[in-house]
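Trainee: Could we go through the labels used for this model and see what stands behind them?
Mentor: Gladly, let's take them in turn.

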Amino acid sequence: VSLGGAGFTVLIAELTDNPIWKLAKDPAEVMNFPPYIGMLSNWSVILWITAAVICLFGAVVLKKQNAPKDTLRFIVGSGLLSLILGIDDLYRLHDKIFPRMFHAPESFFYLLYFFTFLIYLIFFTTQILKYDYLLFGAAFFLLVISRRIAVIIPFFDQFMTTGDMLKYFGIVFWLAFFYRTV
């Protein structure tokens with residue numbers, strides 16, 4: 001695992017013509033910013049990954065306890081989705097990398113996520129309803145409106161953080177749901 005991570009870092013450095021040290025150091029250090037720059041974004045990534053770990057580790061434990069297959073599918077699917085969202089959030093895949101790689105607008109990737117969530121809900125609504133579904137509903141609602149579909153909160157908006165704050169709150173509820181579920 002350690003060699004794979006280091007090797008992947010070297011590969012990306014070569015592909016992007018960046019010195020390896022820029023990929024190995026903390027972004028705030030590379031840019032000579034204070035270490036707390038991007039704090040809420042970093043916390044968001046940590047919470048996504050925490051939800052993923054809870055689900056995936058929980059799935060291992062539940063499998064050993066012979067949990068029902070539909071429960072295992074739900075927990076593993078939720079863990080993988082959380083992991084994907086965390087990695088996407090960390091590297092800004094949907095808004096920076098994928099649009100350049102695939103020559104598609106950012107809105108295409110939001111649509112892709114919309115359909116992914118729709119499929120997720122179709123497959124797992126019965127499972128979600130077995131647990132603290134209000135936490136899940138709050139998470140889903142906050143994540144959707146964080147994309148500035150229907151809301152502007154004056155206090156946050158003056159600092160241009162409405163979407164980021166709502167997304168963070170949504171991730172907190174997402175984590176709370178899976179913490180209570182698993």
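What follows is a short talk about burial, contacts and a surface patch.

Mentor: This is a predicted model, in which local features need pLDDT of at least 70, side-chain atom pairs count only at pLDDT 80 or more, and totals for chains, interfaces and linings use all residues. Residues are numbered from 1 along each chain as its sequence is written, and side-chain values use heavy atoms, leaving out hydrogens and water.

Trainee: Why is Ser 44 called buried?
Mentor: Buried means under 20% relative accessible area, exposed over 50%, and partly exposed in between (1.4 Å probe, protein chains only). Ser 44 has 2% relative accessibility, so Ser 44 counts as buried.

Trainee: Which residues does Ser 44 touch, not counting those up to four places away in sequence?
Mentor: They are Asp 89, Tyr 168 and Ile 171; contact means heavy atoms within 4.5 Å.

Trainee: What makes Phe 169 partly exposed?
Mentor: Its relative accessible area is 31%, which lies between the two cut-offs, so Phe 169 is partly exposed. Phe 169 sits in helix 10 (residues 162-181); helices are DSSP runs of H or I, at least four residues, numbered from the N terminus.

Trainee: And why is Tyr 91 called exposed?
Mentor: Tyr 91 has a relative accessible area of 52%, and exposed means over 50%, so the label fits. Tyr 91 belongs to helix 5.

Trainee: Which helix supplies the largest share of the nonpolar patch?
Mentor: Helix 5 does, with six residues.

Notes:
Helices (H or I, at least four residues) and strands (E, at least two) are DSSP runs, numbered from the N terminus.
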